[in-house]
Amino acid sequence: MESQKEARTLQEPVQRPPWASRSQTPKDKERRERSAVPEAAALGAEADDTSADGLWELPVEPADRRPECSRCSRPQKVCLCPFLPAHPLPISTHLYIIQHPAEENKVLRTVPLLAACLPQDKCKVKIGRRFSEERDPELSTICQKSGTLILYPGAEAANLEEFILDSPVYPSTIIIIDGTWSQAKDIFYKNSLFRHPKQVQLKTSISSQYVIRMQPTNRCLSTLECAAVALSILEKNNYIQETLLRPLQALCSFQLQHGAQIRLSKEHLLRNGLYPKPMPKNKRKLRKMELLMNSVKI
């Protein structure tokens, strides 16, 4: 029996440790190369992670902006200066634009076009959301003058054309808020300074020509259009409105020729069943939507 066990033991293959050398066949060599690929990939991934970590420490260079025209603030290749008046319009009214900070960097903003048409000492743009006597003494003084108006629609707002006929002091300054309707509402109601000027509004049948940006209703006008109508009334000169609207018309025409689409008002979309978004669940917002659908002034 013992001799048989010894025979079997001698016939069994000898187990070699992994590090022991042995002759390699072509198949063995191929197998070893395949197993080495994942190891190399793992090492390469670690190296990539290490180099990627180093990238976070590199300084970030700001993207180069296209050169802008110094007058109309548009990119030089699409400058709108040919549509601006050769010289600033001679007006006596002072215009103050209260601009929400979100409007400052918008590409298709209209305030730079408006400012380019008017004398610098007659058109001032103040950017911010909150204003007080401490923060802006100049604006505080302007708001407390009897000849200052603020253009904002509402139940307490007087019709501008009717107001100037009966006002004992002819208006010398008008304030217009630049922003979305929700931004303008926030600025108007949360700044006590704007309770001092007489509140006025425009009653006009003009539809907005700013067709590349959606408006809440068909009667809503852009900041430039509001200024154009208000200044033409205060200055008693319709040429002012025509001149101020010319660059806006050129801007919209250029954008439409290069892929932009006409943006119908939210009121129009709701009334014709074309509004692409679901109705809001918030009761206050839903009520506003219903008022728009029924063409009730909000």
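Reader: What makes the order of the six strands in the open sheet β2-β1-β5-β3-β6-β4?

Author: In this predicted model, the order follows from which strands pair with which, and the pairing in this open sheet of six strands is parallel. Six bridges join β1 (residues 94-99) to β5, four bridges join β3 (residues 148-151) to β5, three join β3 to β6, and two join β4 to β6. Two strands count as paired if at least two bridges are found between them, so the two bridges between β4 and β6 meet that requirement.

Reader: Why are β2 and β4 called edge strands?

Author: Each of them pairs on one side only, β4 being the strand of residues 158-159. The partner of β4 is β6, with which β4 runs parallel, and within that pair Ala158 has Val200 as its bridge partner.

Reader: How do you know which residues face one another across β5 and its partner strands?

Author: The individual bridges give the register: His94 stands opposite Thr173 in β5, and Tyr96 stands opposite Ile175 in β5. Ile150 also stands opposite Ile175 in β5, while in β6 the residue that Ile150 stands opposite is Gln199. As background, strands of a sheet pair through backbone hydrogen bonds, either parallel or antiparallel.

Reader: Which helices pack on the sheet, and how do you know their direction relative to β5?

Author: Helix α6 (residues 181-189) packs on the sheet and touches β1, β3, β5 and β6 (198-201), and its direction makes about 130° with that of β5. Helix α7 (residues 223-234) also packs on the sheet, where α7 touches β1, β3 and β5, and its direction makes about 165° with that of β5.

Reader: Why is strand β5 described as largely enclosed?

Author: A residue is called buried when its relative accessible area is under 20%, and six of the six residues of β5 (residues 173-178) are buried, so the strand is largely enclosed by the rest of the structure. The burial holds for both directions in which the side chains point: Thr173, Ile175 and Ile177 go one way from β5, Ile174, Ile176 and Asp178 go the other way, and all are buried.

Reader: What makes α7 largely enclosed as well, and what covers its buried residues?

Author: The same kind of reasoning applies, because 12 of the 12 residues of α7 are buried, and the helix is therefore largely enclosed by the rest of the structure. The buried residues of α7 include Glu225, Cys226 and Ser232, as well as Leu224, Val229 and Ile233. Their cover includes β1, α3 (111-117), β3, α5 (160-166), β5 and α8 (238-257).

Reader: How do you know what span is expected for α7?

Author: The expected span is 1.5 Å times one less than the number of residues; for the 12 residues of α7 this is 16 Å, and the helix reaches 16 Å from its first C-alpha to its last, which is close to that expectation. Just after α7, Lys236 takes a positive phi of about 55°.

Reader: Why is Lys126 called buried, and which residues are in contact with Lys126?

Author: Lys126, which lies in strand β2 (residues 123-127), has a relative accessible area of 14%, and the cut-off for a buried residue is under 20%, so Lys126 is buried. Leaving aside neighbours within four places in sequence, Lys126 is in contact with Tyr96, Ile97, Ile98, Gln99, Phe131, Asp136, Glu138 and Leu139.

Reader: What makes Leu149 count as buried, and what does Leu149 touch?

Author: Leu149, in strand β3, has 1% relative accessibility and therefore counts as buried. Beyond residues up to four places away in sequence, Leu149 touches residues including Leu160, Phe163, Ile174, Ile175, Val200 and Leu234. The C-alpha atoms of Leu149 and Leu95 are separated by 9.8 Å, although these residues are 54 residues apart along the chain.

Reader: How do you know where the model should be read with caution?

Author: The pLDDT stays under 50 over residues 1-23, for which the model has three contacts beyond four places in sequence. Where pLDDT is low, the predicted coordinates should not be read in detail. For the chain, the mean pLDDT is 80, and 69% of the residues reach 70 or more.

Technical notes
Residues numbered from 1 in each chain as written. Heavy atoms only, no water. Buried < 20%, exposed > 50% of the residue type's maximum accessible area, 1.4 Å probe, protein only. Contact = heavy atoms within 4.5 Å. Axes fitted to C-alpha atoms, helices over the stretch in contact; angles between N-to-C directions. pLDDT = per-residue confidence, 0-100.
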